[in-house]
Amino acid sequence: MSKEMTIHLKYWKQNGPNAQGYFEEYTLDNVNEHMSFLEMLDVLNEELMLEGKEPVEFDYDCREGICGSCNLVIDGRAHGPKHRVAACQLHMRNYSDGDHITIEPPRAASFPVIKDLVVDRSAFDRIIEAGGYVSVKTGSAAEANAIPVEKDKAEAAFDYATCIGCGACVAACPNASASLFTGAKIAHLNKLPQGEVERKDRVVAMVDQMKEEGFGDCSNYAECEAVCPVGISISAIAEMRRDYMKAVMSGD
Amino acid sequence: MKLDSKVPGGPLEEKWDKHIKDIKLVAPNNKRKFEIIVVGTGLAGGAAAASFAELGYNVRSFCIQDSARRAHSIAAQGGINAAKNYPNDGDSIWRLFYDTIKGGDYRSRESNVYRLAQVSNEIIDQAVAQGVPFAREYGGNLANRSFGGAQVSRTFYARGQTGQQLLLGAYQAMMRQVHNGNIKYHPRHEMLDVVVIDGQARGIITRDLVSGELNRYEADAVVLATGGYGNVFYLSTNAKNSNVTAAWRAHKRGAAFANPCYVQVHPTCIPVSGDYQSKLTLMSESLRNDGRVWVPKKKGDDRHPNDIPEDERYYYLEERYPSFGNLVPRDVASRNAKMVCDDGLGVGETGLAVYLDFRDAIKRDGRETIESKYGNLFEMYENIAGENPYERPMRIYPAVHYTMGGLWVDYNLQTTIPGLYAAGEANFSDHGANRLGASALMQGLSDGYFVLPYTIGDYLAKQEPGKRYGTDHKAFEEAENAAQSQIDKLLNIDGDRTIIDFHRSLGKIVWDKIGIARNAEGLKSAIEEIRELREEFWKNVKVPGEKNNYNKYLEFAGRVADFFELAELMAEDALQREESAGCHLREEYQTEEGEALRNDEDFSYVAAWEYKGLNGKLEETLHKENLEFEFVELKQRSYK
């Protein structure tokens, strides 16, 4: 039968972007080892509401590790202690009876707090908007097999394309850099013949937008790769820099 | 209410082309005078918004998530079908059409399904051009695999993340148009009502989920691409925020709701583990290509599965359905899993699970091959279930996954409210009583990229360009006031049961009595129980916080209120359909072998419900769209 635990929580409360934030503490007595971390927070909120208190707000949706909504920083680490696991797929069996857990939103000026653990990550959308696409119109595409793509290239592009846009990379970076996110999209599209045509414009536009949004520069700490729930490699950043330099130096 | 399907005449193969030739066009200089609202940014909504904007219309796009990229289409795993016949195994547009009609148990409209099969090939071209990294063969061509309900390999895939990659393609196309100024983009907004003026959809009321503010938006046409209503069951494979509110509120304004009882239960999900559980996770159907489904032959056999010898294992799908085996369609696989568990052969702590075993596949192809095909799914399983599926068979059980019912639409995807369209899972159109694997992504993108951009033009061409009523029109005022007073009412109840508690109780009624199998008695008692619980909800729910702030539980309260009403309609719909069709199994109507028994004579129709009011009980009028099968012969579905 499954194990039940007592867990001591400390979580961030902040009523709005300009409000003063603070930590709140609560002890949960019936945490089942099979619960996901977010289910544990659901249970917390049920208890809080029945006591007439305000629940703690946090972002989530698919709870399958794919939508990228969840973004908790758990005990100082984006998505918590387990390697390559999003917070929604972290399960309480990774904790022990009596553990203390601290939960915070990702801390970055470019991700302002909306409420409690919910932050605004729309800067990511604006980076994609700047050039993270192939400019093709609906209905005008050539026959799909007209452009062969090497299996290895398609696989490599896919590895970068799996970025879920959760922002863990930003949360983990001492510079709050969005380089892993931006680099992943650039590496995905630039590896494919479909993305080749707009290669230079894309990298310049996206990198410039990233700076405009106030994200810091990359200083090769590699903290982003360490916390990325889908394992995007920092080689994406190296590719982005190489492409950026080439695009800027070529002058056309 | 009159249901006019507007299906063009002529041979099946020529209907769509003929329709495109016949429909009216909007001149480029007039396109920029039209405003289109698209609610939802999944495959259907994202693709539609991007395509409308490319055509030159002004588009407003709304989604409840913090980014369009998080729409629930992103979670689809296995793949997308198309009739390309690259593997040269005998596929064709006709065969994809036929399989889909048969898979839906002859309860879908022939013309829509044929069009779906036709444009399927263009979808793949479009996605590839966008840079969707589909799996490839060594020669550089696209790879295919097979999926439940089909005997050919027609499924295109990007590992187990096909939905994600297709969605990112549509999202990126959308963001390009945001950049170009052709789409005004409103994430974290929820549609609370549709505004109808002079019988036409002219706009929507939304709530800004961050500030709580209610807003009015006017447009010449409104597209709802808001997904399905599986969350009525509380536990489902749907994302937690997926809901029926937009579709249901449109229904209450006059849009017919079709076939609400057709809900697909997916056979391969990770089983329920406890009361705290918030959702269920699907394991892609593609796993059944290599995994073998079995239970122990002996009741209560609690040995480690690997210690159970071959002759004590019951490979029930392979035995009962020799020609399709583990690849039978979802409704058949789900029902059989329930049957063996009801017979006491289920495994695991709850007895509500069967094994999905990769032992033989690993022996045959090696662990590396299996890992390259399904690696991420295996990891996901291990995270959730805490067991290594390479070493011990997965435990799976059916879970609510996809809703074939939805807003009734004609061939143009227009609802019974002129100017209001429904696309993707939000409409009822293409899957009949059951959806085959890898066809949801196909339908979402077909509607968004290749159907609506044509058909909406036909409607707009007949409208006066630039005509505005103004958002201070009384219809806007009335709709906003109604939304506001519901919010105030919910916040003022201050009862002592939480929203989730009510939702969980509702879900239990719906799962037990309108789930994998239904009978008249159960459905009648479900209706009573739903009404009672709904009444209690409106007296005793506890909604925390305030309206002018980010308040997730207030959002939920409004959605659960709608689920209460929809649930009653689902039961009514299931009750009147005195036959079994696809996923709808009425226990009273079965063949001697326990297979679903259709009644084509009396029930070959789409059940479209018209809302009449809600006074303690839901009042709805049933309208029937008779399904005519001109091109296929109706047969008893057999996968033996």
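Which residues is Lys84(B) in contact with, leaving aside its neighbours within four places in sequence? In this predicted model, the contacts of Lys84(B) are Glu143(A), Ala144(A), Asn121(B), Ile124(B), Asp125(B) and Phe156(B). Lys84(B) sits in the loop between strand E3 (80–81) and helix H4 (93–103) of chain B. The residue is buried, because its relative accessible area is 14%, under the 20% limit. Two polar contacts involve its side chain. One, of 2.7 Å, joins Lys84(B) to the side chain of Glu143(A). Another, of 2.6 Å, links Lys84(B) with the side chain of Asp125(B). Ile124(B) lies 40 residues from Lys84(B) along the chain, and their C-alpha atoms are separated by 8.9 Å.

A second residue of interest comes from a database record. The unreviewed UniProt entry lists Arg330(B) under "active site". Arg330(B) belongs to helix H9 (residues 330–342) of chain B. Is Arg330(B) buried or exposed? With a relative accessible area of 5%, Arg330(B) is buried. Residues up to four places away in sequence are again not counted among its contacts. Those that Arg330(B) touches include Gln264(B), Val265(B), His266(B) and Pro267(B). Also among them are Phe147(B), Glu285(B), Arg288(B) and His401(B). Arg435(B), Gly437(B) and Ala438(B) are touched as well. With Gln264(B), there is a polar contact between side chains, at 3.1 Å.

Chain B also contains an open sheet of 5 strands, in the order E11-E15-E14-E12-E13. The pairing in this sheet is antiparallel. Its edge strands are E11 (263–269) and E13 (313–314), and each pairs on one side only. Gln264(B), the polar partner of Arg330(B), falls within the residue range of edge strand E11. At the other edge, E13(B) pairs with strand E12 (residues 292–296) of chain B. The two strands run in the antiparallel sense and share 2 bridges. Pro296(B) has Arg313(B), in E13(B), as its bridge partner.

Aromatic contacts recur in the model. Over all chains, the structure holds 34 aromatic pairs. The ring centres of Phe378(B) and Tyr390(B) are 4.6 Å apart, and their planes meet at 45 degrees, so this pair is tilted. The pair links distant parts of the chain, 12 residues apart. Phe378(B) is in helix H11 (residues 367–385) of chain B, whereas Tyr390(B) is in the loop between H11 and strand E15 (394–403). Phe378(B) is buried, with a relative accessible area of 1%. Tyr390(B) is buried too, at 16%.

Tyr553(B) and Phe556(B) form an edge-to-face pair. Their centres are 6.0 Å apart, with 75 degrees between the planes. Both residues lie in helix H16 (residues 552–576) of chain B. Because they are 3 residues apart in that helix, about one helical turn separates Tyr553(B) from Phe556(B). Both are buried.

In chain A, aromatic residues are grouped as well. Phe111(A), Phe124(A), Phe181(A) and Phe215(A) make up one aromatic cluster.

Arginine side chains also lie over aromatic rings in both chains. In chain A, Arg63(A) is placed over the face of Tyr60(A), 4.2 Å from the ring centre. In chain B, Arg577(B) is placed over the face of Tyr605(B), at 4.9 Å from the ring centre.

Notes: Residues are numbered from 1 along each chain as its sequence is written. Chains are lettered from A and ligands numbered from 1 in the order in which they are written. This is a predicted model: local features need pLDDT of at least 70, side-chain atom pairs count only at pLDDT 80 or more; totals for chains, interfaces and linings use all residues. Side-chain values use heavy atoms; hydrogens and water are left out. Rings of Phe, Tyr and Trp (its six-membered ring) pair if their centres lie within 6.5 Å; planes under 30 degrees apart count as stacked, over 60 as edge-to-face and the rest as tilted. Helices (H or I, at least four residues) and strands (E, at least two) are DSSP runs, numbered from the N terminus. Buried means under 20% relative accessible area, exposed over 50%, partly exposed in between (1.4 Å probe, protein chains only). A charge sits over a ring if NZ of Lys or CZ of Arg is within 6 Å of the ring centre and within 35 degrees of the ring normal. Two strands pair if DSSP finds at least two bridges between them. UniProt positions are given in the numbering used here, feature names are shortened, and annotations may be inferred rather than shown by experiment. Contact means heavy atoms within 4.5 Å. A polar contact is a pair of N or O atoms within 3.5 Å; within protein, one must be able to donate a hydrogen and the other to accept it, and residues adjacent in sequence count only if both atoms are side-chain atoms.
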